[in-house]
Protein chains: 2
Amino acid sequence: MNIGDVAKASGLPAKTIRYYEEIGLIRPQRGANGYRAFRDTDLHKLAFLGRARALGFSIADCRNLLQLYEDDSRTSAEVKEIARGHLDEIDAKIRDLSEMRRTLAALITACAGDNRPDCPILDGLAMEQPT
Amino acid sequence: MNIGDVAKASGLPAKTIRYYEEIGLIRPQRGANGYRAFRDTDLHKLAFLGRARALGFSIADCRNLLQLYEDDSRTSAEVKEIARGHLDEIDAKIRDLSEMRRTLAALITACAGDNRPDCPILDGLAMEQPT
DNA sequence: ATAAGGGTTCCAGTGACAGGAAGGTCAAGG
DNA sequence: CCTTGACCTTCCTGTCACTGGAACCCTTAT
């Protein structure tokens, strides 16, 4: 399979697949013409990577997960630890964003949004709230 | 005020303040020794920027907000539009993260996390779920 | 022979800084 | 007067995970 086929099959852009090779996540063979020659295992790995990335795992996490995936002597505890660490990060991000959302929504609600210059949003950013 | 004082007062790292000058968000004067000489207005702007960034506004948004902040002929509608656009982005991020969280949490729950190699997390990433 | 549609490499840019090197400046203490 | 240490300066590189584009090669069909 050429890179275009693998891109279609995996849903990843060809650019991304080349990048994954560059950083050593996959090692496709090469044909006589210099083209990458992907085997099924490469395709599986790319699909795996695509799903892991879609769940927000970092490339470093993906590398570890892929290694565990290929290691028959892994323990599920190792995998679960990575996943839980990532879940914690996701939760932290959701918390941060929710707090931002709360503050921002309050400012937006307070703002008339008309053609006058008075704006509680700018006041809030400038900390010029009237007592 | 020197950059260190302003950094303490605004809560922004000196590196960030230099960066904000570099991209034209602030224009502090310079003393005879080459040091940046910050006035109160610079400090206010930096505090404004710090709060806008803490709400997740992009630098581009911050630039626009700062411009509106200094423009007496602004309308609150302009400000509100920027803020609502950003709120939409935050909501989209929260939705994405929540969906990731949902999927990931399900996988984690299904994983024993013991010393055996069987792992629903890896299976899920590899799409090898038993029917 | 040529044109379209693959593929290849390499370089630059993204956003918003952070780290660090090399060197100038300032105030206090010996 | 000199040194020490804490500042300040600029400049360069690195981050993360790609994306865009240039310049060029290969394959297949007409």
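How far is a phosphate oxygen of DNA strand C from an N or O atom in the side chain of Tyr20(B)? The two atoms are 2.5 Å apart, and the sections below place this contact in its wider setting.

## About the model

This is a predicted model, in which local features need pLDDT of at least 70 and side-chain atom pairs count only at pLDDT 80 or more, while totals for chains, interfaces and linings use all residues. Residues are numbered from 1 along each chain as its sequence is written, chains are lettered from A and ligands numbered from 1 in the order in which they are written, and side-chain values use heavy atoms, with hydrogens and water left out.

## How the two protein chains are related

Let us start with the symmetry. Chain B is superposed on chain A by a rotation of 180 degrees with 0.0 Å of shift along the axis, and the RMSD is 0.1 Å (a least-squares fit on the C-alpha atoms of residues with pLDDT of at least 70 in both copies). The two copies are therefore related as by a two-fold rotation axis. Within chain B, the residue that comes closest to this axis is Ile94(B), whose C-alpha is 3.0 Å away. Both copies use the same surface, since 100% of the contact residues of chain B recur in chain A.

## The protein interface

On each side there are many partners: 50 residues of chain B are in contact with 50 residues of chain A, where contact means heavy atoms within 4.5 Å. Together the chains bury about 4300 Å², and 73% of that area is on carbon and sulfur atoms. Buried area here is the accessible area (1.4 Å probe) that two parts lose on being put together, summed over both.

What salt bridges and polar contacts cross over? The rule finds two salt bridges between chain B and chain A, a salt bridge being a side-chain nitrogen of Lys or Arg within 4 Å of a carboxyl oxygen of Asp or Glu. One of them joins Asp91(B) to Arg101(A), with the closest N and O atoms 2.7 Å apart. There are also 18 residue pairs in polar contact across the interface, both residues at pLDDT 80 or more. A polar contact is a pair of N or O atoms within 3.5 Å; within protein, one must be able to donate a hydrogen and the other to accept it, and residues adjacent in sequence count only if both atoms are side-chain atoms.

On the side of chain B that touches chain A, α3 (40-54), α4 (59-69), α5 (76-110) and α6 (120-126) each supply at least two residues. The largest share comes from α5(B), with 20 residues. Helices here are DSSP runs (H or I, at least four residues) numbered from the N terminus. By class, this side has 29 nonpolar, nine polar and twelve charged residues; Ala, Val, Leu, Ile, Met, Phe, Trp, Tyr, Cys and Pro count as nonpolar, Asp, Glu, Lys and Arg as charged, and the others, Gly among them, as polar.

## DNA strand C

Now to the DNA. Strand C is surrounded by 19 residues, the closest being Gly4(A), Arg36(A), Lys15(B), Tyr20(B) and Tyr35(B); a residue is near a strand if one of its heavy atoms lies within 4 Å of it. Sugar and phosphate make up 66% of the atoms of DNA strand C that come within 4 Å of the protein. Besides Tyr20(B), the side chain of Arg53(B) has an N or O atom 2.9 Å from a phosphate oxygen of this strand, and a polar backbone atom of Ile3(A) is 3.4 Å from a phosphate oxygen.

The surface near DNA strand C takes at least two residues each from α1 (3-10) and α2 (14-22) of chain A and from α2 (14-22) of chain B. Its largest share, four residues, comes from α2(B).

## DNA strand D

For DNA strand D, 19 residues surround the strand, with Lys15(A), Tyr20(A), Arg53(A), Gly4(B) and Arg36(B) the closest. The side chain of Tyr20(A) has an N or O atom 2.6 Å from a phosphate oxygen, and a polar side-chain atom of Arg53(A) lies 2.8 Å from a phosphate oxygen. α2(A) gives the most to the surface near this strand, with four residues.
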